[in-house]
Amino acid sequence: MSIELRNVSKAFGGVSAVNNVSFSIQDGELIALLGPSGGGKTTVLRMIAGLEMPSSGDVFIRGQRMNDISVQQRNIGFVFQNYALFKNMTVFKNIAFGLKIKKWKRQEIQERITELLELFGLQGLENRYPHQLSGGQRQRVAIARALAPKPSVLLLDEPFGAVDAKIRQELREWLVTLHHELNVTTVFVTHDQEEALEVSDRIVIISGGRLVQIGTPREVYDQPANEFVARFIGVMNVLETEVREGLARVGELEFPAPDQPNGQKMRIGFRPYAVQVSSDLTAFRYHAVLRRTFFLGVLLRLELELPSGLIVRTRMTKEEYSVQGLEDGKEVSFQIRQFRVLATETATLLPESDVEYQPPPVLGENI
Amino acid sequence: MATPPPDPPHSDSLTSKAESAPTLQRNRRDSANEKSRRGTEESPLVKWVLISVAMGFSIIFLFVPLVNVFAQALAKGFAYYWNSLGHPDSWAAIRLTLLVAVISVPLNVVFGLAAAWAIAKFEFRGKSLLITLIDLPFSVSPVVAGLMFVVLFGLQGFFGGWLRDHDIKIIFAVPGIVLATTFVTFPFVARELIPVMQSTGSEQEQAALTLGASGWQTFWHVTLPSVKWGLVYGIILCNARAMGEFGAVSVVSGHITGLTDTMPLRIEKLYNEYNAPAAFALASLLALLALLTLALKTFLEWKQKRQHDRAQNH
């Protein structure tokens with residue numbers, strides 16, 4: 001067990017920022033702390049680092065209780081959102097700083113830095129100052145500086161926030177590679193669900209100062225703990241329905257809801273990829289007009305409008321779109337292959353049976 | 001069901017749209033630039049009138065008098081100039097001025113660093129009060145400042161009796177002059193440092209802490225270098241004022257020739273004794289110090305700018 005938080009809370013001047021959070025991280029894991037801005041995830045990271053002390057609860061690193069141990073003695077590497085490189089020092093001196101503080105020998109420092117410069121692709125830049133580097137280079141220097149003294153954990157605060165989209169993608173891939181090579185326990189904070197899904201081994205979702213869910217990217221995507229997670233991780237269509245005769249209905253749409261009393265309100269959610277669209281109007285049960293197509297690259301986002309005015313969002317590859325001969329304003333048929341019953345946003349974890357996907361309803365039978 | 005019309009090349013049209021968009025944007029930006037350049041420029045007449053007014057004013061009120069100081073100082077020749085500077089009482093004034101600067105400038109450096117640090121890095125009650133207090137010496141007349149110390153430490157003052165009993169002299173002695181000078185030069189270092197420290201933030205210091213540095217190591221290796229130029233600039237201004245202060249020092253000094261006369265006081269005294277050449281000789285020395293300070297300041301600004309430019313070019 002590399003890092004463990006037990007019932008950790010933090011309040012700033014009476015305002016609660018983190019509320020009774022517990023989770024543990026295994027050795028060598030790459031963990032994303034994901035959540036909306038202001039949700040407390042950075043505070044959690046800073047408490048692991050020792051930059052903030054918990055108001056209550058315990059933080060353990062490698063089994064040792066850290067509450068009374070200062071940030072200097074925790075042996076962590078921390079990468080700040082804006083990198084916080086020492087402006088008046090060269091790349092070499094930046095990376096060497098922690099080693100000099102820890103009184104490494106000159107020869108050892110030289111060797112370690114040569115090794116890191118190579119690992120981080122920073123050869124030839126050692127005499128540059130931070131303002132002479134690109135955003136991506138700065139970030140790599142910041143990570144190299146944090147890793148130089150061989151910390152037991154690496155903590156990164158919004159590591160990809162300050163660079164532009166293209167470099168961000170490269171850095172993500174690079175961070176994964178780096179993590180595989182070094183295998184140091186890594187925790188990073190992000191508000192970007194795509195980033196968390198792509199990069200991490202497990203995701204810790206924090207919102208409103210509380211731990212909402214922890215799991216692998218697949219788990220949180222496929223089995224979101226509640227509606228908040230479902231909507232935060234990826235896109236989800238959410239419909240308010242009412243049960244009549246074993247079917248949850250809204251507009252033209254019907255979802256099987258056996259054993260539910262008439263008049264019961266239900267929130268139904270389904271992912272865009274669960275919607276199957278065809279230009280052949282006999283192919284599927286529901287009919288709609290393709291209201292608008294958004295171009296995202298390889299994928300297109302489609303907005304379908306049903307006669308009742310309901311909007312259903314879906315995705316489709318460029319190729320399929322062409323093959324189907326779709327265009328805005330065209331009439332299409334569609335079906336919803338999978339859906340789930342959602343709880344309200346504030347509700348806690350749903351019982352397991354509710355979280356599982358229902359088997360795809362056989363909608364074709366009714367036609 | 002109607003057969004779909006021939007497949008329109010969706011993907012192609014979308015791609016071409018995406019490609020042409022930047023070109024359009026660039027053109028628009030270029031034309032906007034030209035327009036704004038023309039729009040913001042004043043007419044040549046206004047420009048030259050403003051420049052002449054500023055230049056003329058500086059020459060008549062600053063440059064000519066300054067040259068005149070040196071001309072007057074040397075009116076009776078170099079020998080007289082050297083002699084008047086070397087007069088024991090003038091020499092004592094020069095030494096006292098340097099002594100006062102050597103004590104009050106470091107005091108204000110320490111205070112300025114502490115105050116700037118507190119204001120830039122912490123949130124606390126009374127922060128705005130502290131900022132106002134730092135500015136107080138700027139808004140209070142130096143004479144009033146001097147009188148404040150007389151009221152406090154003079155024979156009839158609050159601590160006058162106690163000080164006399166313990167045989168400590170502050171007013172009409174060197175300590176009073178140091179106190180008054182320190183008070184008047186109080187804001188210079190802090191005022192220069194606060195914006196620099198505020199813009200630097202505290203992340204670099206936090207980074208040093210996570211790398212194991214102690215508070216002192218962090219201050220010495222990270223904080224101080226990052227505010228270096230602001231600090232040097234503040235010290236230069238503080239020093240210039242410390243050497244040149246007249247009003248506050250005049251009130252507390254007592255004008256004891258050879259003992260409590262600083263350079264500005266000595267100049268006034270010589271001038272009132274109709275010894276204009278000697279007064280101007282000392283004045284020229286003080287002016288020279290000011291000019292040196294300005295030159296140093298300009299040099300530092302230039303150096304800082306060059307560093308900045310070099311950074312931009314990379």
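**Exercise 1. The fold of chain B**

Among contacts in chain B between residues at least 6 apart in sequence, what percentage join residues at least 24 apart?

*Solution.* The structure is a predicted model, and the figures below are computed from its atoms. Begin with the secondary structure: chain B holds 14 helices and zero strands, and its pattern along the sequence accordingly reads α-α-α-α-α-α-α-α-α-α-α-α-α-α. Next, take the contacts between residues at least 6 apart in sequence; in chain B, 72% of these join residues at least 24 apart. Finally, turn to the surface, where chain B exposes about 18800 Å², with carbon and sulfur atoms supplying 67% of that area, while 35% of the 314 residues of chain B count as buried.

**Exercise 2. A covered helix in chain B**

Determine which residues of helix 9 of chain B are buried, and state what backbone feature comes just after this helix.

*Solution.* Step one is to locate the element, which spans residues 203–210 of chain B and is mostly covered, with six of its eight residues buried. Step two is to name the buried residues of helix 9 of chain B: they are Gln204(B), Glu205(B), Gln206(B), Ala207(B), Ala208(B) and Thr210(B). Step three is to look just past the end of helix 9 of chain B, where Gly212(B) takes a positive phi of about 100°.

**Exercise 3. The interface of chain A and chain B**

Describe the contact between chain A and chain B by its residues, its buried area and its polar pairs.

*Solution.* First count the participants: chain A contributes 37 residues to the contact and chain B contributes 27 residues. The size of an interface is often expressed as the accessible area that is lost when the parts come together. For chain A and chain B, the buried area is about 2700 Å², and carbon and sulfur atoms give 63% of it. Then search for specific pairs: the rule finds zero salt bridges across the interface of chain A and chain B, whereas four residue pairs are in polar contact between these chains, both residues being at pLDDT 80 or more.

Next, assign the side of chain A that touches chain B to its elements, where two or more residues each come from strand 6 (76–79), helix 2 (91–101), helix 4 (135–147) and helix 9 (318–324) of chain A. Helix 9 of chain A gives the largest share, namely four residues. Sorted by class, the side of chain A that touches chain B has 18 nonpolar, ten polar and nine charged residues.

**Exercise 4. Salt bridges in chain A**

For the pairs Arg112(A) with Glu115(A), Glu245(A) with Arg249(A), and Glu303(A) with Arg291(A), give the N to O distance and then the burial of each partner.

*Solution.* Side chains of opposite charge can pair when their charged atoms come close. A search over all chains finds 26 salt bridges in the whole structure, and three of the pairs are worked through here.

- Arg112(A) and Glu115(A) meet in a salt bridge at 3.5 Å, N to O. Because these residues lie three apart in helix 3 (residues 106–119) of chain A, Arg112(A) and Glu115(A) are separated by about one helical turn. Arg112(A) is buried, with a relative accessible area of 10%, whereas Glu115(A), at 46%, is partly exposed.
- Glu245(A) forms a salt bridge with Arg249(A), and their closest N and O atoms are 3.7 Å apart. Glu245(A) counts as exposed because its relative accessibility is 63%, above the 50% cut-off, while Arg249(A), at 16%, counts as buried.
- Glu303(A) and Arg291(A) meet in a salt bridge at 2.7 Å, N to O. This pair links distant parts of the chain, with Glu303(A) in strand 17 (residues 299–305) and Arg291(A) in strand 16 (residues 286–295) of chain A, twelve residues apart. Glu303(A) is buried at 12% relative accessible area, and Arg291(A) is partly exposed at 42% relative accessibility.

Beyond these pairs, salt bridges that share partners join Arg172(A), Asp192(A), Glu195(A) and Glu198(A) into one network.

**Exercise 5. The surroundings of Gln169(A)**

Place Gln169(A) in its element, classify its exposure and identify a side-chain partner.

*Solution.* Gln169(A) lies in helix 5 (residues 165–182) of chain A. Its relative accessibility is 29%, so Gln169(A) counts as partly exposed. The side chain of Gln169(A) is joined to that of Glu198(A) by a polar contact of 3.1 Å. As a last step, compare sequence and space: Gln169(A) and Val243(A) are 74 residues apart along the chain, and their C-alpha atoms are separated by 45 Å.

Definitions and conventions. Residues numbered from 1 in each chain as written. Chains lettered and ligands numbered in written order. Predicted model: local features only at pLDDT ≥ 70, side-chain atom pairs only at ≥ 80, totals over all residues. Heavy atoms only, no water. Contact = heavy atoms within 4.5 Å. Buried area = accessible area lost by both parts, 1.4 Å probe. Salt bridge = Lys/Arg side-chain N within 4 Å of Asp/Glu carboxyl O. Polar contact = N/O pair within 3.5 Å; in protein donor to acceptor, adjacent residues only side chain to side chain. Nonpolar A, V, L, I, M, F, W, Y, C, P; charged D, E, K, R; others polar. Buried < 20%, exposed > 50% of the residue type's maximum accessible area, 1.4 Å probe, protein only. Areas by Shrake-Rupley, 256 points an atom, 1.4 Å probe, with all protein chains shown as cover.
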